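Work through the exercises below with the model open beside you. Try each task before reading its solution.

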Amino acid sequence: MSQIEAVPPDCSEAATPDPESPAREIGYFALRVYNRIVIILMIYVLSIGPMFWYWHESTFAHGDPFVAKLYYPLVLLCHAWSPFADWLNWYINLWIT
């Protein structure tokens, strides 16, 4: 009686994904896009610290309206979510005091 092989020799090679398959490339591309979006959003939020006085002037002293509009989403987020507002006030205080 002959032995029955549990795994044919061809199946072991098919189980490992091809490192250059289109699905894998799309996954890496999506991960890179996601990482870049997160980094850009972090830079945007953190940039209010050094830009606070420009934002304050543009909002309350008739300065450049572009700066006021640029940071308006942060104002909305602060009104909507108080823990973010507390953190942002703490962060801005690091820059202005």
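The exercises go from the overall fold to helix packing, a pocket and one loop residue.

This is a predicted model, where local features need pLDDT of at least 70, side-chain atom pairs count only at pLDDT 80 or more, and totals for chains, interfaces and linings use all residues. Residues are numbered from 1 along each chain as its sequence is written, and side-chain values use heavy atoms, with hydrogens and water left out.

**Exercise 1. Describe the secondary structure and burial of the protein chain.**

Step 1. Count the elements: the chain has six helices and zero strands. Helices (H or I, at least four residues) and strands (E, at least two) are DSSP runs, numbered from the N terminus.

Step 2. Read them in order. The pattern is α-α-α-α-α-α.

Step 3. Check burial. Of the 97 residues, 19% are buried. Buried means under 20% relative accessible area, exposed over 50%, partly exposed in between (1.4 Å probe, protein chains only).

Step 4. Look at contact range. Among contacts between residues at least 6 apart in sequence, 50% join residues at least 24 apart. Contact means heavy atoms within 4.5 Å.

**Exercise 2. Classify the packing of three helix pairs.**

Step 1. Choose the descriptors. Two packed helices are described by the angle between their axes and the distance between the axes. Axes are lines fitted to C-alpha atoms, for helices over the stretch in contact, and angles run from 0 to 180 degrees between N-to-C directions. Angles under 35 degrees count as roughly parallel, over 145 as roughly antiparallel, 65 to 115 as roughly perpendicular and the rest as oblique.

Step 2. Take helix α2 (residues 22-46) and α3. Their axes come within 7 Å and cross at roughly 45 degrees, so α2 and α3 are oblique to each other. Y44, V45 and L46 of α2 touch I48, G49 and P50 of α3. That contact holds five nonpolar, one polar and no charged residues. Ala, Val, Leu, Ile, Met, Phe, Trp, Tyr, Cys and Pro count as nonpolar, Asp, Glu, Lys and Arg as charged, and the others, Gly among them, as polar.

Step 3. Take α3 and α6. Here the axes come within 8 Å and cross at roughly 80 degrees, so α3 and α6 are roughly perpendicular to each other. I48, G49, P50, F52 and W53 of α3 meet L88, Y91, I92, W95 and I96 of α6.

Step 4. Take helix α5 (residues 72-80) and helix α6 (residues 82-96). They pack at about 125 degrees with axes 5 Å apart, so α5 and α6 are oblique to each other. L74, L77, C78 and A80 in α5 meet S82, F84, A85 and L88 in α6.

**Exercise 3. Characterise the lining of the largest pocket.**

Step 1. List the lining: I48, F52, W55, Y71, L74, V75, C78, L88, N89, I92 and N93.

Step 2. Assign the helices. α3 (48-60), α5 and α6 each supply at least two residues. The largest share, four residues, comes from α6.

Step 3. Sort by class. The lining has nine nonpolar, two polar and no charged residues.

**Exercise 4. Explain what is unusual about H62 and where it sits.**

Step 1. Recall the background. Most residues other than glycine have a negative phi.

Step 2. Compare. H62 is not a glycine, yet its phi is positive, about 55 degrees.

Step 3. Place it. H62 lies in the loop between α3 and α4 (65-70). H62 counts as exposed because its relative accessibility is 76%.

Key: On a 1 Å grid over the protein atoms alone, a cavity is a set of points where a 1.4 Å probe fits but cannot get out, and a pocket is an open set with protein on both sides within 12 Å along at least five of seven lines; lining residues have an atom within 4 Å of a point.
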